[in-house]
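Please find below my notes on the model you sent. They are numbered so that you can reply point by point.

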Amino acid sequence: MLQETDQRFGTTSWMWLTDPDETENDELIQPFDCEIVRMVPAQNAQTSPTIVPTGDEYQLDDDDDQAAFDAIHRTALARAVAALPHNDRIAAGGTAALHPEAEAEMGTGPAAAIGVNALAGTGGVSGCVAVLARASGDGGRWRVGCSHLSANEMGSLQEAKDAIDQLLTSLAAVSQETRNTPVELYVVGGCEDKNVAYEEFGRVVAAVQMRAADPGPGQVLLAGARVPACAGERYVDVYIGAGGVTYSIHQRD
């Protein structure tokens, strides 16, 4: 049966997986894309274990495997979200009167803007997620941005990482700021219904965690998340600005 190990996967909140009935003792399963790797022990105290790809992929062959995989990701996602520092900056509210300077559409890339009261956001977020960004700038202005990720952009961990990098690039391009302030990222969306895919939401959160752990300039903070944001036949509209993140839940037609 598929299960978590006690070994953390990189700089994320997720753990490497294993299946004692299907994998060797020195093999681990990547938690998002199910790649099987071999863990070679460190040679001494000054080195780290080496991860060697096997070229194999763990197969979710039956309903029990899929149920175990879903349960692992549901628990891991809830654990990751609960640990975030600024979930309180994501607030339910009225969004009908908001007029964002940057409106993102699903699967078309990020949108960004800058201003004292600038807003960025998107609507119709259901089985997908929105990633929203903001950073304080010169003269009391805020750089804000949003990406509305489609299922294809959450299909692998690398695709999720690429989408995050595109959003950060778009945000940086709106101005040449002299203040090197951290970029806050928020993940909002996902519908908890019969088709829910917790591993897709998890890939986005994990991708932001990995980007936040990168050394060097361009500091990033995964500030908060609300995933899944709704249930049943519903969707979310969500926007970010100087005051934080505002979202509203609506019934599908």
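**Notes on the predicted model**

1. I90 stands opposite V245 in β17. The coordinates come from a prediction, so every remark here concerns a predicted model. I90 belongs to strand β6, which covers residues 90-92. Strand β6 runs parallel to β17 (residues 244-251), and three bridges join the two.

2. Is I90 buried or exposed? Its relative accessible area is 10%, and because buried means under 20%, I90 counts as buried. Leaving out residues up to four places away in sequence, I90 touches Y186, V188, G224, A225, R226, V245 and Y247. Among these contacts is V245, the residue that stands opposite I90 in β17. Q166 is another matter: it lies 76 residues from I90 along the chain, and the two C-alpha atoms are separated by 23 Å.

3. The sheet that holds β6 is open and has five strands, in the order β6-β17-β16-β9-β7, with mixed pairing. Its edge strands are β6 and β7 (102-103), each of which pairs on one side only. In general, strands of a sheet pair through backbone hydrogen bonds, either parallel or antiparallel.

4. A second open sheet is also built from five strands with mixed pairing, and its order is β8-β11-β10-β12-β14. Here β8 (111-115) and β14 (220-226) are the edge strands, pairing on one side only. Neighbouring strands of this sheet are turned against each other by 20° on average, direction ignored.

5. Within that second sheet, β12 (residues 183-189) pairs with β14 in the parallel sense over six bridges. V187 stands opposite A225 of β14. A225 is also one of the residues that I90 touches.

6. Which helix lies across β8, β10, β11, β12 and β14? That helix is α2, residues 157-173, and it runs at about 150° to β11 (142-149). Helix α2 also gives the most to the lining of the largest pocket, with three residues.

7. The largest pocket holds about 290 Å³ of space. Its lining has 17 residues, and the closest to the pocket centre are R143, A172, N180, V183 and G218. By class, the lining consists of six nonpolar, seven polar and four charged residues.

8. S126 sits in the loop between β9 (120-125) and β10. S126 is buried, with a relative accessible area of 11%, which is under the 20% limit for that term. Setting aside neighbours within four places in sequence, S126 is in contact with G189, G190, C191, R234, Y235 and R252. The two strands that flank this loop belong to separate lists: β9 is in the order β6-β17-β16-β9-β7, and β10 is in the order β8-β11-β10-β12-β14.

9. Towards the start of the numbering, β1 (residues 3-8) and β2 (residues 15-18) run antiparallel and are joined by three bridges. The bridge partner of E4 in β2 is L17. Six residues lie between the two strands of this hairpin, and in the turn G10 has a positive phi of about 60°.

Terms used. Residues numbered from 1 in each chain as written. Predicted model: local features only at pLDDT ≥ 70, side-chain atom pairs only at ≥ 80, totals over all residues. Heavy atoms only, no water. Pairing = 2+ DSSP bridges. Helix = DSSP H or I, 4+ residues; strand = E, 2+ residues; numbered from the N terminus. Axes fitted to C-alpha atoms, helices over the stretch in contact; angles between N-to-C directions. Contact = heavy atoms within 4.5 Å. 1 Å grid on protein atoms, 1.4 Å probe; cavity = no way out; pocket = protein on both sides within 12 Å on 5 of 7 lines; lining within 4 Å. Points joined across faces, edges and corners; volume = space filled by probe spheres on them. Nonpolar A, V, L, I, M, F, W, Y, C, P; charged D, E, K, R; others polar. Buried < 20%, exposed > 50% of the residue type's maximum accessible area, 1.4 Å probe, protein only.
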